[in-house]
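Please look through the fold that follows one element at a time, beginning with its sheet and moving outward to the helices that accompany it.

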Amino acid sequence: MPRILAIDYGNKRVGLAVTDPLGMIASPLETIHSKDLLAYVKAYHQREPLRAIVVGMPRTLLNEPTDVTSAVVGLLRTLRRELPELPIHELDERFTSRMAHATMLAGGLGQKARRDKATVDRISAAIILQSFLESPLMREV
């Protein structure tokens with residue numbers, strides 16, 4: 001069964017997460033440089049067919065755009081143009097970094113590991129994906 005890929009986009013790094021083959025569990029996948037994202041997603045889709053992509057939409061606590069929001073909007077346009085066969089969803093990503101740190105702490109990761117931004121990005125993507133799997137948007141996939 002095709003998987004669902006989640007993207008936690010940043011100007012430098014992008015955290016990625018993917019579901020298991022049954023589409024029930026989100027797992028961190030990888031952290032890549034933002035300039036490599038489109039090529040990576042296309043190659044991954046060829047290796048492991050995707051049934052949807054979920055992109056975290058950055059907003060402030062007051063639900064206003066952040067400095068990364070316009071880049072994410074551009075990414076959404078690019079993904080929809082380059083992969084028209086895939087549904088592309090966006091999901092509010094507020095608090096995911098904080099939740100990722102809490103998850104790492106609860107999982108027993110040391111302070112040095114918790115400071116690794118690449119790890120935080122991957123876990124944030126997994127949190128975005130798990131939130132999507134539990135949301136009403138999942139019915140559309």
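In which sense, parallel or antiparallel, do strand 4 and strand 5 pair, and over how many bridges? The two strands pair in the parallel sense, over five bridges, and one of the residue pairs that can be located there is Met-57 with its bridge partner Asp-92 in strand 5. This is a predicted model, with a mean pLDDT of 85 for the chain and 81% of the residues reaching 70 or more.

With that pair of strands as a starting point, the rest of the architecture can be laid out. The secondary structure comes to five helices and five strands, and along the sequence these follow the pattern β-β-β-α-β-α-β-α-α-α. The strands form an open sheet in the order 3-2-1-4-5, with mixed pairing. Strand 3 (26-33) and strand 5 (88-92) are its edge strands, each of them pairing on one side only, and from one strand to the next the twist averages 25°.

The word "mixed" can be followed across the sheet. Strands of a sheet pair through backbone hydrogen bonds, in either a parallel or an antiparallel arrangement. Strand 2 and strand 3 run antiparallel and are joined by seven bridges; the hairpin that they form has six residues between the strands, and within this hairpin Gly-23 takes a positive phi near 75°. Strand 1 (residues 3-9) and strand 2 (residues 13-19) also run antiparallel, here with five bridges. Gly-15 is a useful residue for tracing the register, since it is the bridge partner of Asp-8 and is also bridged to Thr-31 in strand 3. Beyond strand 1 the sense of pairing is parallel, with five bridges between strand 1 and strand 4, and Ala-6 has Val-54 of strand 4 as its bridge partner.

Strand 4 deserves a separate look. Seven of its eight residues are buried, so this strand is largely enclosed by the rest of the structure. For the chain as a whole, 45% of the 141 residues count as buried, and among contacts between residues at least 6 apart in sequence, 62% join residues at least 24 apart.

The helices can now be placed against this sheet. Helix 1 (residues 37-47) lies across strand 1, strand 2, strand 3 and strand 4 (50-57), and it runs at about 135° to strand 3. Helix 5 (residues 117-133) also packs on the sheet, where it touches strand 1, strand 2, strand 3, strand 4 and strand 5, and its direction makes about 40° with that of strand 2.

One residue of helix 5 ties the helix to strands already described. Asp-121 lies in helix 5, and because its relative accessibility is 12%, it counts as buried. Leaving aside residues up to four places away in sequence, Asp-121 touches Asp-8, Arg-13, Gly-15 and Thr-31, a set that includes the residues used above to trace the register, Gly-15 with its partners Asp-8 and Thr-31. The C-alpha atoms of Asp-121 and Glu-30 are separated by 8.7 Å, although the two residues are 91 residues apart along the chain.

Helix 2 (residues 69-82) offers a check on regularity as well as a view of two sides. At 1.5 Å a residue its 14 residues should span 20 Å, and its end C-alpha atoms are 20 Å apart, which agrees. Thr-69, Val-72, Leu-75, Leu-76 and Leu-79 are its buried residues, and because they cover an arc of only 110° around the axis, they fall on the same side of helix 2. These buried residues pack against strand 1, helix 1, strand 4 and strand 5, whereas Ser-70, Arg-77 and Arg-81, on the other side of the helix, are exposed.

Glu-82, which also belongs to helix 2, counts as partly exposed because its relative accessibility is 30%. Outside its sequence neighbors up to four places away, Glu-82 touches Leu-38 and Lys-42; from Lys-42 it is 40 residues away in sequence and 8.6 Å away in space, C-alpha to C-alpha.

Finally, confidence varies along the chain, being highest in helix 1, at a mean of 97, and lowest in helix 4 (residues 111-115), at 59. Where pLDDT is low, the predicted coordinates should not be read in detail.

Definitions and conventions:
Residues are numbered from 1 along each chain as its sequence is written. This is a predicted model: local features need pLDDT of at least 70, side-chain atom pairs count only at pLDDT 80 or more; totals for chains, interfaces and linings use all residues. Side-chain values use heavy atoms; hydrogens and water are left out. Two strands pair if DSSP finds at least two bridges between them. Helices (H or I, at least four residues) and strands (E, at least two) are DSSP runs, numbered from the N terminus. Axes are lines fitted to C-alpha atoms, for helices over the stretch in contact, and angles run from 0 to 180 degrees between N-to-C directions. Contact means heavy atoms within 4.5 Å. pLDDT is the predictor's confidence in each residue, from 0 to 100. The expected span of a helix is 1.5 Å times one less than its number of residues. Buried means under 20% relative accessible area, exposed over 50%, partly exposed in between (1.4 Å probe, protein chains only). The arc is that of the directions from the helix axis to the C-beta atoms.
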